[in-house]
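The following note sets out points for a colleague who has the sequence and the coordinates to hand. Please read each point alongside the structure.

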Amino acid sequence: MVIRKGETVPTQTAKRMTLDSIKEVTESGAEKIVLYAPEGWGKSTWAAKAERPVFLSTEDGLKGVFDALGTKPMSFPEPKTWDEVFEVIEVLRSESHGYKTLIVDTADWTEHLCHKQLLQTMKVDSIEKIGGGFGKGYVVAFEEWKKLLVPINALRQEKGMNVIFLAHAMVRTFNNPQGDNYDRYEMKMDKRINALIKEWADAVLFGIYNVAVDKKKGYGGTRKLYANHTAAWDAKNRYGITTELSSDPTEFWKEVTKK
C-alpha cells in the first residue's frame, strides 16, 4: 500500500478469529426455560419454587402463588410499558442482588405491552395497520422481541441468572405438509415469537391436566408436565428427559442437575 504525503497510516485491528482464539465451550450454568399450560394449571406456583426467584409479572396472577405456598413471592411492580420490561432487566444486570431466577409471567401478556407501545409510537389503533398491513406489524413486534432477548442473555452471562418464561396455552390448527391438518397446543402468542422463544430455550415444557374419558365424559384431572414433542403439543429439552413429569418442580430440577 502506498502512503502519500499528508496521509496517515491506517491502524491494523487485531483479528479476533484466529486458531489461538479457539477454546473449549463452557456452560454458563444459567438455564433458559419456557413453561406453557392452560389457565389455572399452576404455572406461577411451579416457577416460584425455582432458586431464589423474582417475578417480572405483567399480569395479576401471583395471588395463587401465595395461596399455594403460603409465602409472598418477590416481584417488581407490574410493568405498564414495554420499556419498563427492559428497565427490570437492566436493574438486575447493573445492581447487586441475591436473586438467581427471573420469571417473566407471562410472555403473552408481555407481548401485549409490546403491541401497546408500537401502537402508541406508530399512532395507529391496530397492530394490523402498522406498515400498511399484511402482517407487517407482527414482524415489527418480532424484531422488538429479538431486541429483548439480547439483555436477557446478557443477564444470564453476567449474573448467572436462570430465566423462565411462562405462557398460556391455546389450541391451534397445524397445517400439516405431510397429510391432514390437525389441532395441537401452542403458546398463546404470535407464531414468529413462538418460534423465537422455543429456539432460544433449553427446555420448552408443556403442562396439562391428564383427564380420563369414559363414554365421552371427562373424569379426574391430574396435572402433568411434558418435555418432549408430540403431535398434540410442542416441547423439547436438552437434559435427556424422556418421561412425563409430575407438576412438582423439584422433579424437573433434579433432571436439570444431572446434565
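**Notes on helix packing and selected residues**

1. In this predicted model, helices H4 and H5 pack with their axes 10 Å apart and at an angle of about 115°. The crossing in which H4 passes H5 is right-handed. On the H4 side, the contact involves Ala107, Thr110, Glu111, Cys114, His115, Leu118 and Met122; H5 contributes Gly137, Tyr138, Val140, Ala141, Glu144 and Trp145. Sorted by class, the residues of this contact of H4 with H5 are 8 nonpolar, 3 polar and 2 charged.

2. One residue of that contact deserves separate attention. Thr110 belongs to helix H4, which spans residues 107-122. Its relative accessibility is 0%, so Thr110 counts as buried, the limit being under 20%. Apart from neighbours within four places in sequence, Thr110 is in contact with Thr58, Trp82, Val85, Val104 and Trp145.

3. Helix H5 (residues 136-159) also packs with helix H3 (residues 82-94): their axes come within 9 Å and cross at roughly 15°. H3 is therefore roughly parallel to H5, as angles under 35 degrees count as such. The crossing is left-handed. From H3, the contact draws on Trp82, Val85, Phe86, Ile89, Leu92, Arg93 and Ser94. From H5, the participants are Glu144, Trp145, Lys147, Leu148, Pro151, Ile152, Ala154, Leu155, Glu158 and Lys159. The contact of H3 with H5 comprises 11 nonpolar, 1 polar and 5 charged residues.

4. A further partner of H5 is helix H6 (residues 191-200), with the axes 9 Å apart and an angle of about 20°. H5 and H6 are therefore roughly parallel to each other. Their crossing is right-handed. H5 supplies Tyr138, Val139, Ala141, Phe142, Trp145, Lys146, Leu149, Ile152, Asn153 and Arg156 to the contact, and H6 supplies Arg192, Ile193, Leu196, Ile197 and Trp200. By class, the contact of H5 with H6 holds 11 nonpolar, 1 polar and 3 charged residues.

5. Trp145 merits a check in the viewer. This residue of H5 takes part in the contact with H4, in the contact with H3 and in the contact with H6. Trp145 is also among the residues in contact with Thr110.

6. Some backbone details should be inspected. Asp105 and Thr106 are joined by a cis peptide bond, with omega about 0°. Thr106 is in the loop between strand E3 (101-105) and H4.

7. Positive phi values occur at two residues other than glycine discussed here. Arg52 has phi near 40° and lies in the loop between helix H1 (43-48) and strand E2 (53-57). With a relative accessibility of 46%, Arg52 counts as partly exposed. For Lys123, phi is near 55°, and the residue is located in the loop between H4 and H5. Lys123 counts as exposed because its relative accessibility is 74%, and the cut-off is over 50%.

8. For the chain as a whole, the model contains 7 helices and 9 strands. The protein chain has 259 residues, of which 42% count as buried. Of the contacts between residues at least 6 apart in sequence, 61% join residues at least 24 apart. The exposed area of the protein chain is about 15,400 Å², and carbon and sulfur atoms supply 53% of it.

Key:
Residues are numbered from 1 along each chain as its sequence is written. This is a predicted model: local features need pLDDT of at least 70, side-chain atom pairs count only at pLDDT 80 or more; totals for chains, interfaces and linings use all residues. Side-chain values use heavy atoms; hydrogens and water are left out. Axes are lines fitted to C-alpha atoms, for helices over the stretch in contact, and angles run from 0 to 180 degrees between N-to-C directions. Helices (H or I, at least four residues) and strands (E, at least two) are DSSP runs, numbered from the N terminus. Angles under 35 degrees count as roughly parallel, over 145 as roughly antiparallel, 65 to 115 as roughly perpendicular and the rest as oblique. A crossing is left-handed if the near helix is turned anticlockwise from the far one by less than a right angle, and right-handed if clockwise. Contact means heavy atoms within 4.5 Å. Ala, Val, Leu, Ile, Met, Phe, Trp, Tyr, Cys and Pro count as nonpolar, Asp, Glu, Lys and Arg as charged, and the others, Gly among them, as polar. Buried means under 20% relative accessible area, exposed over 50%, partly exposed in between (1.4 Å probe, protein chains only). Accessible areas come from the Shrake-Rupley method with a 1.4 Å probe; for residues, only the protein chains shown count as cover.
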